Amino acid sequence: MPKPVIAICYDFDKTLAQNDMQTFSFIPNLGLTIDEFWGKCGEFSKTTGTESTLSYLRIMIEECKKKNIKLTREYLNSLGKDVKFFEGVNTWFKRINQIAEEHGVEVEHYIISSGNKEIIEGSNIAKEFKQIYGCEFLYDEDGIAYWPKTIVNYTLKTQYLFRICKGVINSTDESKINQRIEKKHVEFRNMIYVGDGMTDVPAMTLVKEKGGFAISVYQQEHKNVSQVLIDENRVNYACKSDFKANSQLERLIRLIIESIALKEKLFEKENNQSL
């Protein structure tokens, strides 16, 4: 009999990574400050009415053209190696998988990010995920980015939770995403969503309302955001952005995995009960 599946879905920027992924080398390579780059994105949204995720992708293309930087998939992949993660992230997945194995369940890790999928794919943790959902570019015949292929904003993140639930992993597969499926790949009650802030609220709320677990992680200077999410009942728990062994976050995930494993045994017992 297959093991019950638990899906842990992570935001990326300021959740696993210490800052926005573009901060580490993409923006410095343009000769801009962080404020200058995001200021340009905000101004473009304001003057054109463009959705903010589309705006930053447009500004990435424009600024690379100005600086004669070839915005290729390979270039973006190469930036992934510069991403700095919170303490413990690099060994986190192995430890969590081991906890799951001890309790007779399987864990699948997913990224649902409004950042650049290509940069995430170049990071040293990319191999840990069953699927990475993020913004992507289309590339011309010379391999240069010229148009957004996929965007993931704060509300669109919820779409990918339904895909994970139904096992419709490929984001171009539309055949089953709106169909009723009796046997789910991952029940929402077996989902854990880990994010850092307000842009994760729709995904956190969905998971929590459907019986799963929403966790807000925070850096000390932004603790107030997590407190708001707790006060407004948007998340189940809040923890420091500390992924080290035996951290508060790891202990919490262990308890959640243990509780899911026990509940799944009870569900199985109920379903197989006969007099």
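Reader: What makes the strands here one sheet, and in what order do they lie?

Author: In this predicted model, seven strands form an open sheet with mixed pairing, in the order β4-β3-β2-β1-β5-β6-β7. Strands are DSSP runs of E with at least two residues, helices are runs of H or I with at least four, and both are numbered from the N terminus. Two strands pair if DSSP finds at least two bridges between them.

Reader: Why are β4 and β7 called edge strands?

Author: Because β4 (145–150) and β7 (237–240) each pair on one side only.

Reader: How do you know that β6 and β7 pair?

Author: Count the bridges: four join β6 (residues 213–218) to β7, and the two run parallel. One of the partnerships is S216 with A238 in β7. The cut-off is at least two bridges, so this counts as a pair.

Reader: And what makes β3 and β4 a hairpin?

Author: They pair in the antiparallel sense over four bridges, with five residues between them. Y139 has A145 in β4 as its bridge partner. In the turn, G143 has a positive phi of about 80 degrees. On the β2 side, β3 pairs in the parallel sense, again over four bridges, and Y110 stands opposite Q131 in β3.

Reader: Why is β3 called largely enclosed?

Author: Seven of the nine residues of β3 (residues 131–139) are buried, so the rest of the structure largely encloses this strand. Buried means under 20% relative accessible area, exposed means over 50%, and partly exposed lies in between (1.4 Å probe, protein chains only).

Reader: What makes a group of residues a nonpolar core?

Author: Its members are buried Ala, Val, Leu, Ile, Met, Phe, Trp, Tyr and Cys residues, joined through side-chain atoms within 4.5 Å. The largest one here has 62 residues, and F12, L16, F26 and L71 touch the most other members. Helix α11 (residues 248–271) gives the largest share, seven residues. A second, separate core of 24 residues includes L161, I169, V186 and L206.

Reader: Which residues does F26 touch?

Author: Leaving out residues up to four places away in sequence, F26 touches F37, M60, C64, L71, Y75 and L79. Contact means heavy atoms within 4.5 Å.

Reader: How should I read the numbering and the cut-offs for this model?

Author: Residues count from 1 along each chain as its sequence is written, and side-chain values use heavy atoms, leaving out hydrogens and water. As the model is predicted, local features need pLDDT of at least 70 and side-chain atom pairs count only at pLDDT 80 or more, while totals for chains, interfaces and linings use all residues.
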